[in-house]
Every structure is written in C-alpha cells, then in structure tokens.
Amino acid sequence: MKTQVKALVVGGGAVGTSIAYHLAKAGWDDVMLLERDELTSGSTWHAAGLLPLFNMSFATTHIHKYSVDFYKSLEAETGLNAGFAVVGNLRMAQTQERMDEYMLYASTAETCDVPYVWMTPDEIKAKWPLIRTEDLKGAIYHHTDGYINPADVTQAMAKGARQRGVMIERKWQADAFYWTGDAWEVTCTKMVERGGNLVASDEQIVITAEHVVTASGNHAQTTAKKLGIKMPAIPVEHQFIVMDQDPELVKFRAEGNVEHPVVRDADAQSYVREERGGWILGVYEKGAPAVFEHGVPDSFRADLFPLDLERIEEQYMAMIHRMPSCEESGLKDDFNGPICYTPDGNPLVGPAPGLRNMWLAEGFSFGITAAGGTGYYLAQMMVEGEADIDMASLDPKRYGDWMTTEFAARKNEECYDHVYILHHPDEERPACRPLRTSPAYDRQAARGAQFGFVNGWERPNYYAPMGFDDHASRSFRRGGWWQYAVDEAKAVREGVGLIDATAFTKHIVKGPGATAFLDWFTTNKLPRVGRINLTYALTDHGTTRTEYTIVRLKDDEYYLVSAGAWTDYDADFLRKAVEDKEPEFGRIDVQNVTTQWGVFAIAGPKSRNVLNAVISDADPSTALSNKRFPWLSAKQIELGMCPVNAIRVAYTGELGWELHHPIEMQNYLFDLLEKAGEPHGMKLVGARAQNWLRQEKSYRAFGTELGRDATPLEADLPRFVDLSKDFNGKAQMEAKGSRSKCVTLLIDGPDDADPWGREALYDMDGNRIGRLTSGGYSVAFEKAIGMGYVKPEMAVVGTKVQVKMLDQLWNAQIVEDSPYDPKNATIRVDG
Ligand SMILES: Cc1cc2nc3c(=O)[nH]c(=O)nc-3n(C[C@H](O)[C@H](O)[C@H](O)COP(=O)(O)OP(=O)(O)OC[C@H]3O[C@@H](n4cnc5c(N)ncnc54)[C@H](O)[C@@H]3O)c2cc1C
C-alpha cells in the first residue's frame, strides 16, 4: 500500500468517492481514498436516492445541478448503470403561501439555469390520476431530476476514480493527523471484524499526504476530535417506509403509463416515490432525535435504528389522503438511519479552521444529491485555489468557536424538522436562543426588539409593539413587520436612529510588520493615523475574500472591522496570511477583539445633536464638527463616563458615528444615549431598515454583492482599489477582467412585495442578463430597490430591465450608484 500521496480522502461514502474522482479528473495523480469499512457502508447505503434540484440557495443549487448532470454521464464513462430514474420531481402546494415560496425559488432556479414548469391541479390529475388534487393550489415540476441508486452511483464514481488512478483502500481507519509543516502524517489503523463489530487491530501505517480531505459522514464528531477542531455536524434519525404493492398503481403502470415523479407534499412534510408497484414514503417529522453526539459506537456499522411509526403517523395519514389508493397497502420494509445535519442544513465544505491543507466535506443531509457537485467544486478549490462559485455559504468556519455539541445537536434537530416548513426569507428559527447576547439585549427586548440570529448573536431586526408576533408576520411578500422597518428607515433619513452593530467582527493588527503586511493584504491605500478607509482583502484569484473598515490607531497599529456573520471565516484567513508573511514583513500580532467591544451606530441628521449633549469635551459644541471630527476619521472620545472609539462613518449613508465601546459599559452607554436622544425623537433601528438604507447608497454587503465570485472591480468599487501599489491578488484580479458588473436598480414592483435579492434579471426582450443579490424597499424613492450583477454591457445608468418576482416580470431601471444623496452631502454636513 502506498504511503506517500498527494491527497488522502478519508471516507468512502458518496461524498468522499466523488471528491477522489474529481481530484483525479482535475489532474492530481496520487490520490488515495481510505474507508474504515466498505464503500457506501455509512449513510450512503440506506439513502432513498432522491436528487431534488429544488434548493433556495444559489451555491447549493449549482452543486445539485452539477450532480444531476454528472450522474447522467457516469454510465457512458464507467459502463456501470447507477440506476438514475429521471422521473421528475413534483412539488405540490396546498396554500397560496407555498406557491409564493415556489415563485421565489423559481426565480433563483432561473439564475442557475435549472428548468421547471408550473402545473395546475387539473393538469396533475390528468397526468397522474392517483394523486388527490382538489385541495391543491398548484405545483412546480422539475422534469430533469428524479432518483438514483445511492450505492450504485457511488460504485460508479469509485470505478471512474480507479480508472483515473485513484487508490481505494478499504478497512483502514484514519486515526491521527500530524502536520509536519509541509504535509500531513496520517496514522491509519487496520480495521478487523470481531463478533460482528468493526474494531481496530494493532496494525498501523503512516501515510504522508500533502492534502487531506475528510468526508466521514456520521463520524464527523470523532473526526473533529482527532483534528482538534469543532464541527457542528451531528446526525439526526431519518425514516422512510416501503409499502407493499398498490393494485391501483400496478394497474396504472400496466396500462402503459410512465412512472410517477417523486411527489413532494411539502405541507404534509413528506415525499413519495414508486418502488416496485408500491410506494416509498419519506418524512421530515417533529421529534426526530440527534444521535452519535459524541461519536459512533463500534457496534454501529451499516445498521439502522428501530422504526418509530408513532412519530410519523401524521405524515402517514397525510399520504393516504394524497394517494388514497395506498390505504390498503401493508408495510413491506422500513429504514430509520442517521442522516448528518448542520444547524443551517448546508454541509461544511472547505478549508478546516486553523489547519493547513486540511479540507472538510462533512455534515451532508442531501449527500447523494450534493456529492457530485461537492466533489467538482471542492476539487476546484484544492487544485486551482478557488471554485467557480462562491462557496462561503458552505464554509466550515461559518460557525465559530462558541459552538458546542449541545447547540449543534438541538439546532440540527430543528433543521431537520424545518426541511418542509415555508422557507420565508425573513425566517428566524427559535432553537438554542438566546445564546450570544450583548449586554443591551434585555433593554432592547423590553423596547420591542424582534431579534435575528447572526453567527450566534442576537441582533435586533426591527422594533415592534410589545406582544407583536414575529412568526405570524413572516411572508414572501411584505411581512407584518414591514411598516416598522419603514418607520425606522425614515427616522434615520429625517431624524436620528440608534442601531446595535455589536456583532461586527473586530481585529487588532499591530507590530513592526503590520503596516507592510496590511499594505500587501488589502487593496486600498492604508489610512493615516486617526483616519479610516474601506478596503478589500482578495483571494489568490483576485476575488473578494473580506471587506474591512480599517482604522489606523497608531503608526503600526490597526483596528479592522468586518462583517459580523463571518468572524471565524475572516479570522482564519487573516491569521494564516500573517503566519505566511511574518518572515518577510516582521512581527505582526493579531488579536480577535470581537467580543470585547460593543458597537452602536448612531445615524441621522440629528445624530450630532444627540452626541453633543453627552460628549465630555472642553468645547462640546465643536467636538463633532467637520473641523475637529471630519468624515472618515476616528477619535477616542468620552460619552459621559464611557470611553468610546468613535468612527465617523454610517452604513446608512446619513450623518453618523459608529461608537465602539467597552462591552461591559454597554448598558451605561445605551441608557445615556437613549436619554439624550429623547428630545430628538431618536428611534431604535434594526438590521432590516439598515439593509434597505445601505442599498439607497449602493453600499455593497459581504455575502451578497461581495464574495469570492467577483472582484472588487466587478463589484464596481475601483475607488477602493489602489492600482498604483502591489497587493495580494492584484494581477489575478486584473486578469479576470470584467465578467459582470454590480448595479443598483429602482424597481416598479408589485404593491405588496419587494425583492429579496435572489431574483433573476431580464432585458426588455426577455433575455436573462443577471441576478439580484440584495433587495428591499427604499423610503427615499418610495419603491422597491435592489442591487445585483448584470452583464457589463448592460450596466449603463438609465438602462431599463425587468425583475422576475412572483412569476412576473416587473420594470426596473439601472440607476447611478448611491441614488440617494450621490454627492454624500448629508454624511458630510457640518455642525
Ligand atoms: C433514511 C435516509 C434517507 C436518505 N435519503 C436521501 C435522499 O433521498 N437523497 C439524498 O441526497 N440524501 C439522502 N440521505 C442522506 C444521505 O444518505 C447522506 O447525506 C449521504 O449518504 C452522506 O454521504 P457521505 O459520504 O457524506 O457519508 P457516509 O455515506 O456516511 O460515508 C462516510 C464514510 O466515511 C467512513 N469513515 C468515517 N470515519 C473514517 C475514518 N476515520 N477513516 C476511514 N473511513 C472513515 C465511514 O465508514 C463511511 O463509509 C438519506 C439519509 C437517510 C438516513
């Protein structure tokens, strides 16, 4: 057995096998796959094999689409038939709200070239008369997907991998990982059968691998411990039942009718497909427990849990309602197996936190569907440095060190039973909350804050009267909370608002090498001491990795502020870059101070008046004037007894300051500002209003307009890119050219809905030209607003385009950047 390889893939399920295949296909020679038992002996063997294209996320839709296309090509390549039944996928709606959900999804599908058609209840009945349709509103139908045999497709990928030189070694377990500085030394143990269990023998070898990928399925927690990292990948029980033949179905097929599609009754939390003249019913029920929170016992191999019929009784009855002909069919077989989950349902794919050349592919709940695309895009990341699509929403570091086993288990249970809920874009999930709260949380809650969950933090989304039911207010159109956000946005434009931005990621970078490092690391000129700038760290491919507001505190000390949702993602990249560059630039200290500093953003024409009333200064009336505190500068000030690092910027595009303060003084500062704000009618403002306001200023947001699929030049931010200096990713950024361009649009949309930032964009002739990445409502223009990417030739101010919303095209116009106050007059106003 070879002990020196380029890449070692740990885990021979669908995911690991696909990764090994795609690494070889991408040109890596020495790829080895290690499996502790037999290929497919993890979750893969008992999967139902459905391959749903339907997914609300842009990246995941690309991944699923790749898989569906790839699996169709495997037989020609390997000679193995993976049993792909392209029967289609019928997703039914019992309510108009469900149809609204499908219409939002459909717009996303169009941006990824995923085909679909709408079906009325009558059309469904005419084609598949066994389905009860009188209580349906309609359905969305994908004719290109269906189901596959999970073991067969894995074996086909394994054969394809072997044909490309991949070594597949079974009955070897990766047990210990040691990084030498150049490569991983992986201690592997020969596994043997003993009394039906699979146990470790005394035989060990060490395999040296430049790169390691773990795709260990239900063993993710054991893998995490071996690597010394955290992963919120914990399985949950998932059941499906196979029923005896349904005579009506047998007759229907004997009459020459084609197979039923996979029939999804989302409002009944179930899916149904044909199986040898009978039906398979799979459910996402309430009460399915998390399992293997601390590892998989030796006794559990290709095993199942006992069926819990009581738990799925409701869905079973709903199936009889939907397919009345199955009422008499008995139960033929049942499957209750572990299905790995993560708190948000997306797998963990990408570099492992803190480690070099260690890649994770863990936590797959739709692993058969996702395996093909994951292998393809992860291999791109490993071989070429970046994937064609932005994989950040799957990055393992989106959960920070605050994450615990208990959190992951309870959240994963919630995620499981939420699979078929209505996926409102304004959805907030309740489990494990509140967990990370800033000190002012109780005060905000007492004032009606409705909180959102950002990287574990509770952050006010908006403020409503006490007792307001956020859950009932959610919608695919304008939710019940909409008017509150409008009032808050107006308060910032016309008066003054206070926003809690404590979740921001904050780093101190200092030391003799700090200046040279940051100059290399970021695109913009570094600010002078006491000044700030907006700047970007790029990937090695020249696309945007992180957006920073940099404050220069001293000659060689900087305060970096980046998006709150991405603390560990940013921290990991920064630390690794510093480690690489210290030998060249000299000592650089990096401190993550996120949880030490609270942040309030005060904004609006009256914000200066509020602060003037509490600032401790020899001349309070001029302390915040343009002369003493110019726009884009930072100062240490005192507000009452609270020392504050104040930064004159406002993400809302109004006169304002960010007040970075010691977290332990937050309540004192909150009370002080609230009292000072009273005479000026200061309003507490949440993230939803802020998100709308920043679009009126065309401020790009990380994770929407800014990400690893576009350069800052494509994001149309040349003023923050200093081409006269050298910086990481510069040449690659320039070489990328302009593939698409970020624009702002004002939209004449429907009366009761605004875009969410997932919608497809068309020219006036109906040709697709791009997609929205953000959306909302503009109080300044009293209409819908959005930001997105279009083909560069379309990115011309005044161009008329159309936005797909609620299955209709709505007129919109590309407007100049910062349509509200383009000259930044209100931000710079003196006083
Ligand atoms: C009842 C049920 C129905 C499902 N239906 C569907 C469906 O219809 N469609 C769909 O897309 N998904 C479905 N799933 C989910 C799907 O089964 C999983 O997402 C998928 O199988 C995950 O594949 P994987 O390769 O990540 O993990 P696994 O298949 O679990 O493979 C991981 C492998 O890693 C090996 N391993 C672990 N640790 C080590 C180590 N240290 N050294 C060496 N080897 C190691 C294990 O032995 C195992 O073989 C279903 C799941 C269940 C339970």
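This briefing goes through the ligand site, the aromatic pairs, the charges over rings, and some single residues of the structure above. The model is predicted. The ligand is surrounded by 37 residues, and a search of the whole structure finds 44 aromatic pairs. The remaining points follow residues such as Glu274, which is buried, and Asp388, which is exposed.

**The ligand and its shell**

- Among the 37 residues around the ligand, the closest are Glu35, Thr44, Phe364, Gly367 and Thr369.
- Phe364 has a backbone N or O atom 2.8 Å from an oxygen atom of the ligand.
- For Gly367, too, a backbone N or O atom lies 2.8 Å from an oxygen atom of the ligand.
- Thr369 approaches through its side chain: a polar atom there is 2.7 Å from a ligand oxygen atom.
- On its own the ligand has 1,000 Å² of accessible area, and the protein covers 98% of that area.
- Two or more residues of the shell come from each of these elements: helix H1 (14-25), strand E2 (31-35), strand E7 (172-179), strand E10 (234-243), strand E14 (331-341) and helix H9 (367-384).
- Sorted by class, the shell holds 16 nonpolar, 18 polar and 3 charged residues.

**Aromatic pairs**

- The search of the whole structure gives 44 aromatic pairs. One of them joins Tyr441 and Phe451, whose ring centres are 4.4 Å apart.
- The planes of these two rings meet at 35 degrees, so the pair of Tyr441 and Phe451 is tilted. An angle under 30 degrees would count as stacked and one over 60 as edge-to-face.
- Tyr441 belongs to helix H11 (residues 441-446) and Phe451 to strand E17 (residues 449-454), and the two are 10 residues apart.
- Tyr441 and Phe451 are both buried.
- Tyr536 and Phe720 make an edge-to-face pair, with 6.4 Å from centre to centre and 65 degrees between the planes.
- Tyr536 is in strand E21 (residues 532-538), while Phe720 is in the loop between helix H19 (687-696) and helix H20 (730-736), so this pair ties together parts that are 184 residues apart in sequence.
- Tyr536 has a relative accessible area of 1% and is therefore buried, because buried means under 20%.
- Phe720 has a relative accessibility of 17%, so it also counts as buried.
- Ring pairs also build a cluster out of Tyr462, Phe468, Trp481, Trp482, Tyr484, Trp692 and Tyr777.

**Charges over rings**

- Lys6 has its charged end over the ring of Trp28, at 4.7 Å from the ring centre.
- Arg91 has its charged end over the ring of Phe54, at 3.9 Å from the ring centre.

**Two buried Glu residues with polar contacts**

- Glu274 is part of strand E12 (residues 270-275). With a relative accessibility of 4%, Glu274 counts as buried.
- The side chain of Glu274 is in polar contact with the side chain of Arg253, at 2.5 Å.
- A polar contact of 2.7 Å also joins the side chain of Glu274 to the side chain of His260.
- Glu237 is part of strand E10, one of the elements that give two or more residues to the shell around the ligand. The relative accessible area of Glu237 is 12%, so this residue is buried.
- The side chains of Glu237 and Arg311 share a polar contact of 3.3 Å.
- Between the side chains of Glu237 and Asn336 there is a polar contact of 2.9 Å.

**Residues apart in sequence, with their distances in space**

- Is Ala571 buried or exposed? At 3% relative accessibility, Ala571 counts as buried, and its place is in helix H15 (residues 567-585).
- Ala571 and Asn592 are 21 residues apart along the chain, with 7.1 Å between their C-alpha atoms.
- Asp388 sits in the loop between H9 and helix H10 (405-417). Its relative accessibility is 52%, so Asp388 counts as exposed, because the exposed class begins over 50%.
- Asp388 and Asp709 are 321 residues apart in sequence, and their C-alpha atoms are 6.7 Å apart in space.

Conventions
Residues numbered from 1 in each chain as written. Predicted model: local features only at pLDDT ≥ 70, side-chain atom pairs only at ≥ 80, totals over all residues. Heavy atoms only, no water. Near = heavy atom within 4 Å. Polar contact = N/O pair within 3.5 Å; in protein donor to acceptor, adjacent residues only side chain to side chain. Areas by Shrake-Rupley, 256 points an atom, 1.4 Å probe, with all protein chains shown as cover. Helix = DSSP H or I, 4+ residues; strand = E, 2+ residues; numbered from the N terminus. Nonpolar A, V, L, I, M, F, W, Y, C, P; charged D, E, K, R; others polar. Phe/Tyr/Trp six-rings, centres within 6.5 Å; stacked < 30°, edge-to-face > 60°. Buried < 20%, exposed > 50% of the residue type's maximum accessible area, 1.4 Å probe, protein only. Lys NZ or Arg CZ within 6 Å of the ring centre and 35° of its normal.
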